[in-house]
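Colleague: Before I use this model at the bench, I would like to go through the terms applied to it. Please show it first.

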Protein chains: 2
Amino acid sequence: MRWAEGYIAVDWGTTNRRAYRVDPGGQCVAEMEDDQGILAVAPGGFPAAVAQIRERLGNHPLLMAGMIGSNRGWIEAPYAPCPAGLDDLAARLIWAEEGRAAIVPGLSHLTDDSADVMRGEEVQILGAVAAGIVPPDCLICHPGTHNKWIEVAGGRIIGFRTVMTGEMFNLLREHSILADLLALPATTGEAFHDGVRRGLAHDGLTAELFSVRARVLLDRAKREDAASYTSGLLIGADLRVGLRTAPEAEVIVMGRPELTSLYAAALTEAGQDAREVDGEKAFLAGVRAIVELIA
Amino acid sequence: MRWAEGYIAVDWGTTNRRAYRVDPGGQCVAEMEDDQGILAVAPGGFPAAVAQIRERLGNHPLLMAGMIGSNRGWIEAPYAPCPAGLDDLAARLIWAEEGRAAIVPGLSHLTDDSADVMRGEEVQILGAVAAGIVPPDCLICHPGTHNKWIEVAGGRIIGFRTVMTGEMFNLLREHSILADLLALPATTGEAFHDGVRRGLAHDGLTAELFSVRARVLLDRAKREDAASYTSGLLIGADLRVGLRTAPEAEVIVMGRPELTSLYAAALTEAGQDAREVDGEKAFLAGVRAIVELIA
């Protein structure tokens, strides 16, 4: 089993996993996605979970990234500290099966003032740089369950900040007093932009969130606009964090298109140029670059 | 059945209710509390739910406040707008049983910039003023599922702001990625004060919340301190809203003692004098004052 004959790239998260079969020419020729995230795999069950992937995509070497390297995953891959480039990731791979299955470490970022961690996004970010999709010096916004603001300089990740925006929206929609107001999907209409402006302008997020309900009760807002307004509010508050040092160049928004479009709209509202980049393409570029370093 | 012969005061919330039998001299002589909040009562079930109370506390007139007057309660009692005093509440009582069971309206507060509502706290606030427990001009902090910052001037409530602090802490503890870190009770030790300072100083609450986890993963903080730190962080952010116009006089912290002690400690950390007032006593004073106006 040799990497030069092709490999499988796996983005293995908390609640789902995606795997891609990459041929010797570097092209993705098959893929799968299912709900076997790390929390769905019993302790000790990862060899069998990996065998499932090989049954579907072929008996090839595997490079895995994401929560698979957390203390709840297959084998813990200690965080690589910032600044970090692809060479650091390649040098710190954890081999779950010697020579044929490796886990990419996540990154940590410690300053006097803050502590932060990521697992998975680093492969996309550095892959996009390596493939020339984004410049070697840029600010990247990577929305998801947890949005990340990532500073890239000289082609390396020099720092980042995580904001719990996606998880917060889900908590509010599923379990809070706002639940019945947040059932509709958030879209980038007027209510969303109202929310973004409010989130950018006011720092009392937990107060603004309660007012979502009060505005509807007192006929200041329409019930059907509440989800988009709340999404805008949270993303606006998120941008307050990410744009503390607003870059002159465009902000790269990387990830799944349904999320990058909301953030790109919010960035535009904040007066910031934004460009959307598909996270899947960047992930495959990152894995390819790491494989080249170890092959 | 006459009010002068005694009555029952009911604080009827979303998830529980408390009822107090008050004798003709104004003393509370019996009380009950159970989990029959409004969500536990089926539509049409409120006459039977009230009969239960009278079985236990006697066949007396009832004055009810709280979510019992919401659109999910017995009968909706439209919000009285600010500024509002006890006379406004008395004039807008909704009679669920003519002459023998009344619901106190909640308050609304609309400005060009904000919309807010309350149900239940108004009786405590105005009762405390009427009984001389708090001065007629003061800032009151009323923690609970939702914390309220209430401005009182000339003995009337002139405005207020709700912050979802308690609900947010519960959402994080029960359903979020921080859940396993937040199982311990929050106490006012060093970690709590660290959190308060952080919450007061930084406006990116959803970023600070994620760092609770990163700090533990990267050995910047102890796991057993996470609940107290997070409570402090949320309350510190709450104080940023409440102390936007910091009063020279002491802030009154009214409510249940386990919550008022956390807020009083946080206010002290913020350099603000604070005095704790028992919400139950204030509630009974408020009901007594309304009964005097209608008897």
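What follows is a set of questions about those terms, with the reasoning behind each answer.

Modeller: Keep in mind that this is a predicted model.

Colleague: Why is chain A said to agree with a compact globule?

Modeller: The rule is 2.2 Å times the number of residues to the power 0.38. For 295 residues that gives a radius of gyration near 19 Å, and chain A has 20 Å, so the value agrees with a compact globule. The C-alpha trace of chain A spans about 65 × 40 × 35 Å along its principal axes. Chain A contains nine helices and 14 strands, and 53% of its 295 residues are buried. Of the contacts in chain A between residues at least 6 apart in sequence, 66% join residues at least 24 apart.

Colleague: Why is B:L239 called buried?

Modeller: A residue needs 20 or more other C-beta atoms within 10 Å to be buried. B:L239 has 26 such neighbours, so it counts as buried.

Colleague: Where is B:L239 found, and what is it in contact with beyond its neighbours within four places in sequence?

Modeller: B:L239 is in helix α7 of chain B, residues 226-242. With those sequence neighbours left aside, its contacts are B:L200, B:A266, B:L267 and B:A270. The C-alpha atom of B:L239 is also 9.2 Å from that of B:W149, although the two residues are 90 apart along the chain.

Colleague: What makes the relation between chain A and chain B that of a two-fold axis?

Modeller: Chain A is superposed on chain B by a rotation of 180 degrees with 0.0 Å of shift along the axis, and the RMSD is 0.0 Å. A rotation of that kind is the relation of a two-fold axis. In chain A, the C-alpha nearest the axis belongs to A:D203, at 2.9 Å.

Colleague: How do you know that the copies meet through the same surface?

Modeller: Of the interface residues of chain A, 100% are also interface residues in chain B, so the copies use the same surface.

Colleague: How many residues are in contact, and which elements of chain A supply them?

Modeller: There are 35 residues of chain A in contact with 35 residues of chain B. On the side of chain A that touches chain B, at least two residues each come from β8, β9, β12, α4, α6 and α7 of chain A. The largest share, nine residues, comes from α6(A). By type, the residues on that side of chain A are 17 nonpolar, ten polar and eight charged.

Definitions and conventions. Residues are numbered from 1 along each chain as its sequence is written. Chains are lettered from A and ligands numbered from 1 in the order in which they are written. This is a predicted model: local features need pLDDT of at least 70, side-chain atom pairs count only at pLDDT 80 or more; totals for chains, interfaces and linings use all residues. Two residues are in contact if their C-beta atoms, placed from the backbone, lie within 7 Å. Ala, Val, Leu, Ile, Met, Phe, Trp, Tyr, Cys and Pro count as nonpolar, Asp, Glu, Lys and Arg as charged, and the others, Gly among them, as polar. A residue is buried if 20 or more other C-beta atoms lie within 10 Å of its own, exposed if 12 or fewer, and partly exposed in between; C-beta atoms are placed from the backbone. Copies are superposed by least squares on the C-alpha atoms of residues with pLDDT of at least 70 in both.
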